[in-house]
Amino acid sequence: MDRTINFAKRNILEMSRDVLSYIFCIAFPIVMLVIMSVVNSSIPKEAGMTLFRIDNLAGGIIIFGLTFVMLFTAIGVAKDRNGSFLIRMFATPMKSGNFTMGYILPMLAVALIQAVIAFAASMIIAHITDTELSPAGLLLSMLTLFPSALMFTAIGMIVGTLFNEKAAPGICSIFISLGSFVGGIWFDVDGVGGVMRKISRCTPFYYATKSVRASIDMDFSKDNFVIPIIVVTISAVILTALSSLVFRRRMRADLA
């Protein structure tokens, strides 16, 4: 456990030195939150659109922010692999599980910080726009977003392990676009229906957005919360196990 914690501390320190991590993991989601809120204020009430209203937008934005947590996980792993750092670390008694959790734990902390800042901004926007937003729902959503954070971090871990520092960001950009599109962050997937809804329901991104939004609304119904949180949790566990397996095989290949 000490090895994992020490390795996690090192990764936190490395990320804290990267200015882009502050921009994309913290600032960019907040900027999008503000921009979409301004867009919502420009939509006539007669249109009946509620997706960009802050009580719906807050959950979507935090999932959008997690895609950048995935990106920086992939970049960090790929950068360490391309350098000599991991080769030296492979010679230590650390196991693949230590490496995996050493990368994942700092990113979960980043996800929590990201959520706190995003939800604080959401409360301010809700007050300005006179929109009801439950503080209890926001606090609860910070717990329910952890499976989603783990899932996206595990995806980043896999991408960073399989691809180099130049290719990893491009691969992650595909997941960012895919997660935003089929996750229903920017539009109502259920309202669109048809093939789009069927495709979205086959991905864990849809359920990640749905579970966080439901927890903010304090809606614990089977369809809106229970099933989505189960799907996301199972996906997170499978992807985390897969990331450890992929990293272990890559580690053995690099040592051969």
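Let me begin with a definition: axes are lines fitted to C-alpha atoms, for helices over the stretch in contact, and angles run from 0 to 180 degrees between N-to-C directions. With that in hand, I turn to the structure above, which is a predicted model.

I shall start with helix H11, residues 204-216, and with its partner helix H6, residues 135-144. The axes of H6 and H11 come within 7 Å and cross at roughly 150°. Angles over 145 degrees count as roughly antiparallel, so H6 is roughly antiparallel to H11. The crossing of these two helices is right-handed. On the H6 side, the contact is formed by Gly 137, Leu 138, Leu 140, Ser 141 and Thr 144. On the H11 side, the residues are Ser 211, Val 212, Ser 215 and Ile 216. Sorted by class, this contact of H6 with H11 holds 4 nonpolar and 5 polar residues, and no charged ones.

The next partner of H11 is helix H7, which covers residues 146-162. H7 and H11 pack at about 150°, with their axes 10 Å apart. H7 is therefore roughly antiparallel to H11. The crossing of H7 past H11 is left-handed. Here Ser 148, Met 151, Phe 152 and Ile 155 of H7 meet Pro 204, Phe 205, Ala 208 and Ser 211 of H11. The contact of H7 with H11 comprises 6 nonpolar and 2 polar residues, with no charged residues.

The third pairing brings in helix H3, residues 54-82. The axes of H3 and H11 come within 8 Å, and the crossing angle is roughly 140°. Angles between 115 and 145 degrees fall outside the other classes, so H3 is oblique to H11. The crossing of H3 and H11 is right-handed. From H3, the contact draws on Asp 55, Asn 56, Ala 58, Gly 59, Gly 60, Ile 62 and Ile 63. From H11, it draws on Ala 208, Thr 209, Val 212, Arg 213 and Ile 216. These residues of the contact of H3 with H11 divide into 6 nonpolar, 4 polar and 2 charged.

How many of the 29 residues of H3 are buried? The number is 26, so H3 is largely enclosed by the rest of the structure. As for its length, H3 reaches 42 Å from its first C-alpha to its last, close to the 42 Å expected at 1.5 Å a residue.

Helix H8, residues 167-182, may be described in similar terms. H8 has 16 residues and spans 23 Å from first C-alpha to last, close to the 22 Å expected at 1.5 Å a residue. Its buried residues are Ala 168, Cys 172, Ile 176, Gly 179, Ser 180 and Val 182. Against which helices do the buried residues of H8 pack? They pack against H3, H7, helix H9 (189-192), helix H10 (194-200) and H11. After H8 comes Gly 184, whose phi is positive, near 70°.

That brings me to backbone angles. Most residues other than glycine have a negative phi. Asp 130, although not a glycine, has a positive phi of about 60°. Asp 130 is placed in the loop between helix H5 (96-129) and H6. Is Asp 130 buried or exposed? With a relative accessible area of 72%, Asp 130 is exposed, because the cut-off for that class is over 50%.

Met 218 likewise has a positive phi, near 60°, in a residue other than glycine. Met 218 is found in the loop between H11 and helix H12 (222-255). Its relative accessible area is 40%, and Met 218 is thus partly exposed. Leaving aside neighbours within four places in sequence, Met 218 is in contact with Ser 134, Ala 136, Gly 137 and Leu 140. By contrast, Met 218 and Arg 81 are 43 Å apart in space, C-alpha to C-alpha, and 137 residues apart in sequence.

My last residue is Thr 240, which lies in H12. Thr 240 counts as buried, because its relative accessibility is 14% and the cut-off is under 20%. Not counting residues up to four places away in sequence, Thr 240 touches Thr 100, Ile 104, Leu 150 and Ala 154.

Key. Residues numbered from 1 in each chain as written. Predicted model: local features only at pLDDT ≥ 70, side-chain atom pairs only at ≥ 80, totals over all residues. Heavy atoms only, no water. Helix = DSSP H or I, 4+ residues; strand = E, 2+ residues; numbered from the N terminus. Parallel < 35°, antiparallel > 145°, perpendicular 65-115°, else oblique. Left-handed = near helix turned anticlockwise from the far one by under 90°. Contact = heavy atoms within 4.5 Å. Nonpolar A, V, L, I, M, F, W, Y, C, P; charged D, E, K, R; others polar. Buried < 20%, exposed > 50% of the residue type's maximum accessible area, 1.4 Å probe, protein only. Expected span 1.5 Å × (residues − 1).
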